[in-house]
Amino acid sequence: MKGMIILAKGFEDTEAVTTMDIIFRAGISLDKVNMGDEEKIITQCQNVMWVPLMYKDIKMEDYDFLVIPGGGAVFNVLMKDSRVDDLVHYFVKANKPVFAICAGPMTIGKHGYFRDKKFTCFPSCEEGIEGKYTKDGVTVSGNFITGKSMAYTVDFGLAIVEKLLGKDKKKEVEAKIYAK
């Protein structure tokens, strides 16, 4: 099993890095895919992340799931990038899971994919999206998992692990990160 997380200038640091960390701890392969044109991406908190795998070098069909973190990148890059639309359409139509947090669900909702689903996102980002907005920290609905904000990133990551590998693996990862 292999997934991709899409990263662009201004992505929210915690939502991306913590989600990647939890997925890694579960033993799931996750490629960081650069939606920009330089190998280094400046995050929302002005950190620099080296992401050499460029979008042009991937094949969507090689991936089993998609992760979309939030942050300014959603408003400034991802919502305006037709390649992101292509990714969302591909994964939804191929019945593959799509996970998005904070402003990230906007990239899915703008296409009407939450119409018969529950979802959550950062308050005000739900405007104009058809569907049942829950205001919960994490919402699981069909092949979608959505997270409300950075504060819910650990829960979001653990929900992804449970969706992909089951409750036992989630409990195993949870025990490690909470030192139980």
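The following legends describe close-up views of a predicted model.

**Figure 1. Packing of helix H5 against helix H6 in the predicted model.** Helix H5 spans residues 153-165 and helix H6 spans residues 167-177. Their axes come within 7 Å and cross at roughly 145 degrees. The crossing of H5 past H6 is right-handed. On the H5 side, the residues in contact are Val-154, Leu-158, Val-161, Glu-162 and Leu-165. These meet Lys-167, Lys-169, Lys-170, Val-173, Glu-174 and Ile-177 of H6. By residue class, the contact of H5 with H6 comprises six nonpolar and five charged residues, with no polar ones.

**Figure 2. Packing of helix H1 against helix H5.** The axes of helix H1 (residues 13-25) and H5 cross at roughly 40 degrees and come within 9 Å. H1 passes H5 in a crossing that is right-handed. Thr-14, Glu-15, Thr-18, Thr-19, Ile-22 and Ile-23 form the H1 side of the contact. The H5 side consists of Thr-153, Val-154, Phe-156, Gly-157, Leu-158, Ile-160 and Val-161. Seven residues of the contact of H1 with H5 are nonpolar, five are polar and one is charged. Val-154, Leu-158 and Val-161 of H5 take part in this contact and also in the contact with H6.

**Figure 3. The largest nonpolar core and the surroundings of Ile-108.** In soluble globular proteins, nonpolar side chains tend to be buried together. The largest nonpolar core of this model has 56 residues. Met-4, Ile-6, Met-35, Leu-66, Ile-68 and Ile-108 are the members that touch the most other members. Helix H5 supplies the largest share of this core, with six residues. Ile-108 is in contact with Ile-68, Val-88, Val-98, Ala-100, Tyr-113, Phe-114 and Phe-144, when its neighbours within four places in sequence are left aside. Ile-68 therefore appears in this view both as a contact of Ile-108 and, because a core consists of buried residues joined through side-chain atoms, as a buried residue of the core.

**Figure 4. The cysteine pair Cys-121 and Cys-125.** A disulfide is a covalent bond between the sulfur atoms of two cysteines. A search of the whole structure finds zero such bonds. For Cys-121, the nearest cysteine sulfur is that of Cys-125, at 5.3 Å. Conversely, the cysteine sulfur nearest to that of Cys-125 belongs to Cys-121. Because a disulfide requires sulfur atoms within 2.5 Å, the separation of 5.3 Å leaves Cys-121 in no disulfide. Both cysteines are buried: Cys-121 has a relative accessible area of 0%, and Cys-125 has one of 6%.

**Figure 5. Asp-85 and Asp-86 in helix H3.** Asp-85 lies in helix H3, which covers residues 82-93. Asp-86 is found in H3 as well. Asp-85 counts as buried because its relative accessible area is 16%, whereas Asp-86 is partly exposed, at 40%. Beyond the neighbours within four places in sequence, Asp-85 is in contact with Lys-110 and His-111. Asp-85 and Lys-110 are 25 residues apart in sequence, and their C-alpha atoms are 9.3 Å apart. With the same exclusion of sequence neighbours, Asp-86 is in contact with Tyr-55 and Met-60. Asp-86 and Met-60 are separated by 26 residues in sequence and by 9.3 Å from C-alpha to C-alpha.

**Figure 6. Positive phi values at Gln-46 and Lys-135.** Most residues other than glycine have a negative phi, and most peptide bonds are trans. Gln-46 has a positive phi, near 70 degrees. Gln-46 is placed in the loop between strand E3 (40-42) and strand E4 (48-50). With a relative accessibility of 60%, Gln-46 counts as exposed. Lys-135, likewise not a glycine, has a positive phi of about 65 degrees. The loop that holds Lys-135 runs between strand E8 (132-133) and strand E9 (138-141). Lys-135 is exposed, with a relative accessible area of 58%.

**Figure 7. Lys-176 of helix H6 and Arg-25.** Lys-176 is located in H6. Lys-176 is exposed, its relative accessible area being 52%. Although Lys-176 and Arg-25 are 151 residues apart in sequence, the distance between their C-alpha atoms is 8.7 Å.

Technical notes. Residues numbered from 1 in each chain as written. Predicted model: local features only at pLDDT ≥ 70, side-chain atom pairs only at ≥ 80, totals over all residues. Heavy atoms only, no water. Axes fitted to C-alpha atoms, helices over the stretch in contact; angles between N-to-C directions. Helix = DSSP H or I, 4+ residues; strand = E, 2+ residues; numbered from the N terminus. Left-handed = near helix turned anticlockwise from the far one by under 90°. Contact = heavy atoms within 4.5 Å. Nonpolar A, V, L, I, M, F, W, Y, C, P; charged D, E, K, R; others polar. Buried < 20%, exposed > 50% of the residue type's maximum accessible area, 1.4 Å probe, protein only. Core = buried A, V, L, I, M, F, W, Y, C linked by side-chain atoms within 4.5 Å.
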